[in-house]
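Grab a pencil and work through a few short exercises. Each one sets a task and then walks you through the solution.

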Amino acid sequence: MGADPVAEMTGDRPVGVAIVDDHPVVVEGVRAWLATEPRLTVLSTGDDPDAVLRAAPDADVVLLDLRLHGRMVLDKLAELSATGRRVVVYSEHTDPETMLAALDAGAVAFLAKHEGREHCVATVLAAASDRPYVPPALAGAIVGDPRPDRPMLSDKEREALLLWFQSMSKASVARRMRISEHTVKQYVDRARIKYTRAGRPAATKAALLARAIEDGLVRPEEIGIYRSQATHDRPTP
Amino acid sequence: MSADLGASTDRTAAPGASARAPEPQPGRASVPAPRGSAPTAALAAPAAVAHASDRGARIASVAIALAWHVAIGLPAVLGARAEFAAPAVVLGGWLLVAVAGVVAGVRLLRGAPLPPWPLAGLLLAVDAAVFAAAGERQLFAAANWVWSTLGWFFVLAMWGRRVTGLVALLTTHALIALVAVLGHGHDPADLARYAMYVYGTFSLPVAVFVGSTTIVGLARERAAAAATMHAIAAERDAAEQGLRERRDRLVLVGAAAGRVLGELAAGRADPDDPEVQRRCVLAAARLRRLIAESDDVPDPLLHELRAAADLAERNGLPIDLVTIGDPPPLPVEIRRRLADPLTGILADARGWARLTVVSGPDEVVVSLVTPDREAPEATGPPPGEHDDGPVQHLYERDGDIRWAQTRWRR
């Protein structure tokens with residue numbers, strides 16, 4: 001991995017972001033958050049995903065409010081993800097079912113609207129390089145996934161997700177698990193990568209997975225690429 | 001400023017304050033009860049009603065069968081015993097059916113009926129033997145007791161099953177009788193009598209059998225409908241109460257947020273003032289909780305934790321309570337061990353707090369994270385891990401945060 005994984009992806013130009021939200025005040029707020037990070041630039045904003053992307057066809061990352069004009073746009077999310085758009089969903093709907101449904105539909109990441117600037121910037125930067133970022137709310141949804149066909153997580157991955165969800169501090173999780181922060185992040189990210197195998201296939205999921213394998217985060221056989229999903233992705237007991 | 005917000009909030013909250021104390025209040029605690037018990041009640045009530053109706057019909061059927069056998073059958077058999085072709089067989093058959101009938105009746109009333117088909121086989125064997133042993137003269141007489149009595153014992157044997165079983169037995173009974181009648185000649189008068197007898201033996205037992213089944217079915221349906229109505233009513237009451245509570249909270253929370261925003265807009269409050277910032281954080285946390293939390297699935301553990309969070313919030317602490325999954329039903333002792341250590345620490349928390357609950361069918365993990373303070377640990381538990389029965393407690397301070405966790409595993 002290079003010194004700056006994002007620069008590695010986009011060359012020297014900053015990451016282009018498109019923001020889709022039907023509340024102008026939220027758009028302005030997010031824009032202000034992203035403006036604090038020189039590696040990010042907002043290319044286009046608006047309340048209609050198609051119009052926003054027509055205005056900025058080269059956007060690297062789309063920040064999508066999951067609820068537009070009173071309707072959940074999971075179908076639009078799936079459509080964009082299928083065409084390879086890196087969509088970071090951000091929403092005030094933080095019930096676990098919605099978050100997992102967004103991942104299944106191909107969202108690169110899910111961000112709760114209250115999770116704040118640092119998580120938002122980190123999520124968008126990670127998404128631009130097809131790398132996972134799991135904010136605490138999403139960690140909670142994954143660790144509590146009750147679906148019988150959920151991906152199989154190791155005990156360490158579950159524990160790291162749980163503690164990250166509880167404490168929102170990787171340093172504290174690291175102290176508690178007596179491992180390095182880097183290892184905490186690896187456990188959390190590996191759990192997230194396993195979710196690229198859940199739900200319908202999407203170009204974004206394939207990209208996340210490919211990058212994770214390239215980075216050495218997971219080995220192909222760990223997530224059942226060469227074998228049937230049924231034999232591998234059994235839930236942890 | 002903080003006193004102002006806390007005090008004004010408390011004043012507004014006063015009417016509902018008692019409902020938010022950390023101890024489970026009878027008024028609030030009763031909310032989950034109707035919904036929690038509704039499914040059980042909805043299943044149990046119709047079954048109980050159906051059972052009661054069925055029991056009445058069983059007693060009636062057993063009484064009819066045995067009374068008929070003894071009061072009508074026995075005198076006729078005894079009176080004509082010299083005229084049978086084989087008196088011993090007719091009497092022995094009567095006795096055998098009497099014994100089998102008593103056993104079957106008692107078992108039926110106790111809810112443990114005899115296996116139907118062996119009993120039916122025995123009855124049909126007696127049927128054939130008695131028809132053969134009665135002789136031509138007694139064929140249509142009352143002394144040939146199997147004609148009239150046996151149908152009622154068929155009813156006992158087939159109780160609780162489909163009517164086709166009973167009809168099959170009665171048909172076999174009619175065929176045995178037909179063989180016996182034809183065996184004694186082809187007198188048209190006998191055939192007419194036979195037809196009449198068959199009609200008599202079919203109609204009453206089938207009517208009683210079908211009637212009782214129908215009544216039990218209707219009773220069960222009516223009871224189920226009533227139970228469903230009750231469950232819906234209880235659910236509606238709970239939902240309405242939940243809605244009222246949320247509306248009250250919205251008024252309360254909205255007022256506090258509105259005051260800060262109003263002061264900011266009017267320029268009376270300075271956004272750089274840490275106290276104003278703290279009030280904003282608190283108002284935002286309250287609004288967030290209002291949006292995120294609901295009592296849609298009332299659970300006693302979550303209810304207790306919410307009450308504790310409400311109390312901390314009213315004392316001016318911005319708090320997030322995030323729950324993932326529904327806790328399984330837990331004994332009160334386990335719930336106490338999960339919640340109490342955390343609510344104690346929460347009462348002492350300053351700055352902010354994050355309370356999380358992750359539940360699965362076999363595990364519930366509750367965690368409280370608050371900023372670590374320099375203050376000596378007067379009220380905190382000893383750091384480290386220890387087990388309190390099936391619940392594991394963990395408490396630690398790492399300079400950044402205080403982290404308390406309770407974990408129950410099945």
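The exercises below go through the sheets and the place where the chains touch. Before you start: this is a predicted model, where local features need pLDDT of at least 70, side-chain atom pairs count only at pLDDT 80 or more, and totals for chains, interfaces and linings use all residues. Residues are numbered from 1 along each chain as its sequence is written, while chains are lettered from A and ligands numbered from 1 in the order in which they are written.

**Exercise 1.** Work out the strand order of the five-strand open sheet in chain A and find its edges.

Solution. Start with the order, which is S2-S1-S3-S6-S7 (chain A), with parallel pairing. Strands here are DSSP runs (E, at least two residues), helices are runs of H or I with at least four residues, and both are numbered from the N terminus. Two strands pair if DSSP finds at least two bridges between them. Next, look at the ends: S2 (40–46) and S7 (109–112) of chain A each have a single partner strand, so one side of each is left without a neighbour in the sheet. Now zoom in on S7(A): four bridges join it to S6 (residues 86–91) of chain A, and A:Val89 has A:Phe110 as its bridge partner there.

**Exercise 2.** Do the same for the open sheet of six strands in chain B.

Solution. The order reads S1-S2-S3-S6-S5-S4 (chain B), and the pairing is mixed. At the edges you'll find S1 (319–324) and S4 (384–388) of chain B, each pairing on one side only. S4(B) runs antiparallel to S5 (residues 391–397) of chain B, joined by five bridges. Within that pair, B:Asp387 stands opposite B:Gln392.

**Exercise 3.** Describe the side of chain A that touches chain B.

Solution. First, the count: 18 residues of chain A are in contact with 17 residues of chain B (contact means C-beta atoms, placed from the backbone, within 7 Å). Then the elements: H7 (136–143), H8 (155–167) and H9 (170–177) of chain A each give two or more residues, and H8(A) gives the most, with four. Finally, see where H8(A) goes: this helix lies across S2 (353–360), S3 (363–371) and S6 (401–409) of chain B, at about 40 degrees to S3(B). Such angles run from 0 to 180 degrees between N-to-C directions, with axes fitted to C-alpha atoms, for helices over the stretch in contact.

Methods: Two residues are in contact if their C-beta atoms, placed from the backbone, lie within 7 Å.
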